[in-house]
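The exercises below invite a careful reading of one protein chain, and each task is followed by a solution that goes step by step. Please look at the sequence and the structure before turning to the solutions.

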Amino acid sequence: MREGVINRKTNETDIRLKLELDGSGKSCIDTGCGFLDHMLTLFARHGRFDLTISCKGDTEVDYHHTAEDIGIALGQAFARALGEMRGIQRYGSFYLPMDEALVLCAVDLSGRCTLNWDVHCKTEKVGDFDVECASEFWLGFARNVPATLHFVQFAGENTHHILEACFKGAGRALAAAVAIDAAHRD
């Protein structure tokens, strides 16, 4: 079973996270931020990852530390679950249409960290979630797998739809990248 369990405690957050790469898309997410819970639930469902996250964070300040630290912990869980990253497809990409929004997510589980966030939202918030926290989440993730991760927005007006396309697309792209490469099976 390819899984990663991370317990991460800082001055700002206390995170318990469990990831199973070869799951069915089940999730139990409690980050203290409703919008982030929604995005991570969709990420798990579209990637068919089983994902459990519990986070107690300094949400009375804002969601920055919560989003960033969960991204870090999720990246670490992927790294732990993948081990030496041998025998996987390595690359994955997915165009995700979400109503009027269209976003490409492409990943290379390269062992090198790059985040290209070419996403332009028209609002600064979705509910009480600061939109800039989405890129902080994915930067923390990319640095800790490590991986090359690209998000490119081709269309979109509604900020919720744009970010939802990013998280769903990332789930599907990562599912393709972590898939076992039959040509490299022992």
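**Exercise 1.** In this predicted model, which residues does leucine 40 touch, leaving aside residues up to four places away in sequence?

*Solution.* Start with the contacts themselves: with residues up to four places away in sequence not counted, leucine 40 touches Ile29, Thr31, Leu51, Ile53, Ile70, Phe137 and Phe167. Next, place the residue in its element, which is helix H1, spanning residues 34-47. Finally, relate leucine 40 to a distant part of the sequence: glutamate 164 is 124 residues away along the chain, yet the two C-alpha atoms are 9.5 Å apart in space.

**Exercise 2.** Decide whether leucine 40 counts as buried or exposed.

*Solution.* The relative accessibility of leucine 40 is 0%, and the cut-off for buried is under 20%. Leucine 40 therefore counts as buried.

**Exercise 3.** Work out in what order the strands of the open sheet lie, and which of them are the edge strands.

*Solution.* The open sheet has four strands in the order E5-E6-E10-E7, and their pairing is mixed. Strand E5 (91-98) and strand E7 (114-118) are the edge strands, since each of them pairs on one side only. From one strand to the next, the twist averages 10°. Turning to one pair within the sheet, strand E6 (residues 101-108) and strand E10 (residues 148-155) are joined in the antiparallel sense over seven bridges, and valine 103 stands opposite glutamine 153 in E10.

**Exercise 4.** Find which strands are touched by helix H3, and which strands helix H4 lies across.

*Solution.* Helix H3 (residues 132-144) packs on the sheet by touching E7 and E10, and its direction makes about 160° with that of E7. Helix H4 (residues 159-178) lies across E5, E6, E7 and E10, and runs at about 150° to E5.

**Exercise 5.** Describe how H3 and H4 pack, and what kinds of residues make the contact.

*Solution.* Begin with the geometry: the two helices, H3 and H4, pack at an angle of about 15°, and their axes are 11 Å apart. Because angles under 35 degrees count as roughly parallel, H3 is roughly parallel to H4. The crossing of H3 and H4 is left-handed. Then list the residues: H3 contributes Ala134, Phe137, Trp138 and Phe141, while H4 contributes Leu163, Phe167, Ala170 and Leu174. Sorted by kind, the residues of this contact are eight nonpolar, no polar and no charged. Two residues of the contact, Phe137 of H3 and Phe167 of H4, are also among those that leucine 40 touches.

Terms used
Residues numbered from 1 in each chain as written. Predicted model: local features only at pLDDT ≥ 70, side-chain atom pairs only at ≥ 80, totals over all residues. Heavy atoms only, no water. Pairing = 2+ DSSP bridges. Axes fitted to C-alpha atoms, helices over the stretch in contact; angles between N-to-C directions. Contact = heavy atoms within 4.5 Å. Parallel < 35°, antiparallel > 145°, perpendicular 65-115°, else oblique. Left-handed = near helix turned anticlockwise from the far one by under 90°. Nonpolar A, V, L, I, M, F, W, Y, C, P; charged D, E, K, R; others polar. Buried < 20%, exposed > 50% of the residue type's maximum accessible area, 1.4 Å probe, protein only.
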